Amino acid sequence: MSSSPNPTPNPNTQTDSDHVTYIKASCLCTSNTFLIPFITSTLPQSTALCHCSSCRHTSGQLAVHCAVAAGAPVAISESEGASVEIPGSGGGGSDTRSTYVPADLSNLSKYNATPAMTRYFCKTCGAYMLYERHPAPDPDSDVSISQSQSQWMVSTGCLERTEGIVKVGSHTFLADTKDGGLSEFYRTLNGVAIPRYAYAQGEGTGSSDATLPLHWKDPRLVRKQQCQQLEKGGSENHEDRLHLHCHCGNVKLYLTRPDQEEAKKEENLWLVPGEQLEGRKHKPARFIAGHCFCASCRLSTGSLVPSFIILPRANVFNAQSTASQPITLSPTSPTRLHNLTQYTSSPLTYREFCATCGATVFYWTKAAKGPFPRDPGSEEAVVVDLAAGLVDEGDGLTLGDSGEDDGRVMGGEGGGAGGEGRGAGGVLCERWIVWHDLMMNIGEAVDKEGARSVGEGASLAVRGQ
């Protein structure tokens, strides 16, 4: 995760003249509901949208956005609830209690992508809610580090409101994406361009603030693709598999190419037919992907911009199995994908996440929803939504900046399990995916201005701008 604003003090140590604003945070299943304290004078915060491989593969989302809390989450006390103003609109107020009761975090699972940070996700619905950054231990001290010394952050998608509290201030670690990722769509906020940093702000290579332009692609990746096109007479490199994985590696999948004849059918809205281009060039059939801002997607992921690939289940396979059959997700299936926790978010509708690292993996339904087909004779979905942040963005490149092999392997660096050299060549995975500019359920977005900005950027990207 990228650098955050300077840590704000714990509210328990504040003086009487300091004011604390409390915002309620919750997950979809509401097993975890508590108050997040913010020092009022520091609001609104402007924090980074982090695109690093660790954040993407632990969350399953294209990027992670957090607000920096003034301390650990505070319990909502039934007996003292009246002393904290939390209007139904999601407002905050000053707390008149003389003591602060820490929230019960026992319903959250912990995952450490690195020793420096503990990530917390709901055991029931999978929502990524909290991040606890630990201070570096003093090797010369015998004093243990307590939670009160940690810096706490909260996923902004879990907050009851973000207006006046936090906004996206920059994109960081875009170098990890190989192609800019979500920043290609989330370009501006309130009419102002969002800065695009290769790494954490102030941690650039060769510059204190190395930035990347819109439409940036890793130059090594571009050279590799150009070589592949020359080898194939100008046509795109049509790999037969696309690999995806969560951070811990307990969920590893691969996709197969959609069938061209199926893609031509008008009712299969989730498929885009291949096309013959000039000369010998052609594009293969691809899947469609987009962003959903509904409360269920937001609260089950903790993300402001949940992003999914929509595709037939028949094209999804378990990369850790020798079976030639597609994955199964029904709870009664003997071949159900291992290490997934299933949450029923509404009747016949399910969300799946990695039981170990918490990464969102699937959304699927057997209910009659929208244009998705159903198979009455099967307990399995015909079409599933697959979390876009799981895409293995690398492709095994070992070319250094000079074009020579320098022993470095792109893909999987910092992203946990992966780095097998079979990735997409970029987070947006445009050789496999067509990104749609229709923003689903934008009226439910907690950050409506940000959602509108993503929609505007996606429309520009569709037009090649």
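## Charged pairs, cysteines and a buried arginine

Glu-262 is partly exposed, with a relative accessible area of 33%. Its salt-bridge partner is Lys-265, and the closest N and O atoms of this pair are 2.9 Å apart. Lys-265 is likewise partly exposed, at a relative accessible area of 36%. The structure is a predicted model, and the values below are computed from it.

### The chain as a whole

The protein chain has 465 residues, of which 54% are buried. Its secondary structure comes to five helices and 24 strands. Of the contacts between residues at least 6 apart in sequence, 65% join residues at least 24 apart. The accessible surface of the protein chain comes to about 20,000 Å², and carbon and sulfur atoms account for 50% of that surface.

### Salt bridges

The count of salt bridges in the model is nine, and the table sets out three pairs, including the one with which this report began.

| Acidic residue | Basic residue | Closest N to O distance |
|---|---|---|
| Glu-262 | Lys-265 | 2.9 Å |
| Glu-393 | Arg-56 | 3.3 Å |
| Glu-430 | Lys-217 | 3.4 Å |

The side chains of Glu-393 and Arg-56 meet in a salt bridge, and this pair links distant parts of the chain, the two residues being 337 residues apart. Glu-393 lies in the loop between strand E23 (383-387) and strand E24 (433-435), while Arg-56 belongs to helix H1 (residues 53-59). Glu-393 is buried, with a relative accessibility of 2%, and Arg-56 is buried as well, with a relative accessible area of 0%.

Glu-430 forms a salt bridge with Lys-217, and this pair, too, links distant parts of the chain, with the two positions 213 residues apart. Glu-430 sits in the loop between E23 and E24, whereas Lys-217 is found in the loop between strand E11 (192-193) and helix H2 (219-231). In contrast to the buried Glu-393, Glu-430 is partly exposed, with a relative accessible area of 42%; Lys-217 is also partly exposed, at 35%.

### A buried arginine without a salt bridge

Arg-313 lies in the loop between strand E18 (307-312) and strand E19 (316-318). Arg-313 is buried yet has no salt bridge, and the nearest side chain of opposite charge, that of Glu-380, is 4.2 Å away. Because a salt bridge requires the side-chain nitrogen and the carboxyl oxygen to be within 4 Å, the pair of Arg-313 and Glu-380 is not counted as one.

A polar atom of the Arg-313 side chain does, however, lie 2.8 Å from the backbone oxygen of Ile-327. Leaving aside neighbours within four places in sequence, Arg-313 is in contact with several residues, among them Pro-326, Ile-327 and Thr-328, as well as Glu-380 and Ala-381. The list of contacts of Arg-313 also includes Val-382, Val-383 and Val-384.

### Cysteines without disulfides

The model contains zero disulfides. Cys-29 is in no disulfide, and the nearest cysteine sulfur, which belongs to Cys-122, is 3.6 Å away. Cys-29 counts as buried, at 15% relative accessibility. Cys-52 is also in no disulfide; here the nearest cysteine sulfur is that of Cys-50, at 3.6 Å. Cys-52 is buried, with a relative accessible area of 7%. A disulfide is counted for two cysteine sulfur atoms within 2.5 Å, and therefore neither Cys-29 with Cys-122 nor Cys-52 with Cys-50 is counted as one.

Notes: Residues numbered from 1 in each chain as written. Predicted model: local features only at pLDDT ≥ 70, side-chain atom pairs only at ≥ 80, totals over all residues. Heavy atoms only, no water. Buried < 20%, exposed > 50% of the residue type's maximum accessible area, 1.4 Å probe, protein only. Helix = DSSP H or I, 4+ residues; strand = E, 2+ residues; numbered from the N terminus. Lys, Arg positive; Asp, Glu negative; His and termini not counted. Polar contact = N/O pair within 3.5 Å; in protein donor to acceptor, adjacent residues only side chain to side chain. Contact = heavy atoms within 4.5 Å. Areas by Shrake-Rupley, 256 points an atom, 1.4 Å probe, with all protein chains shown as cover.
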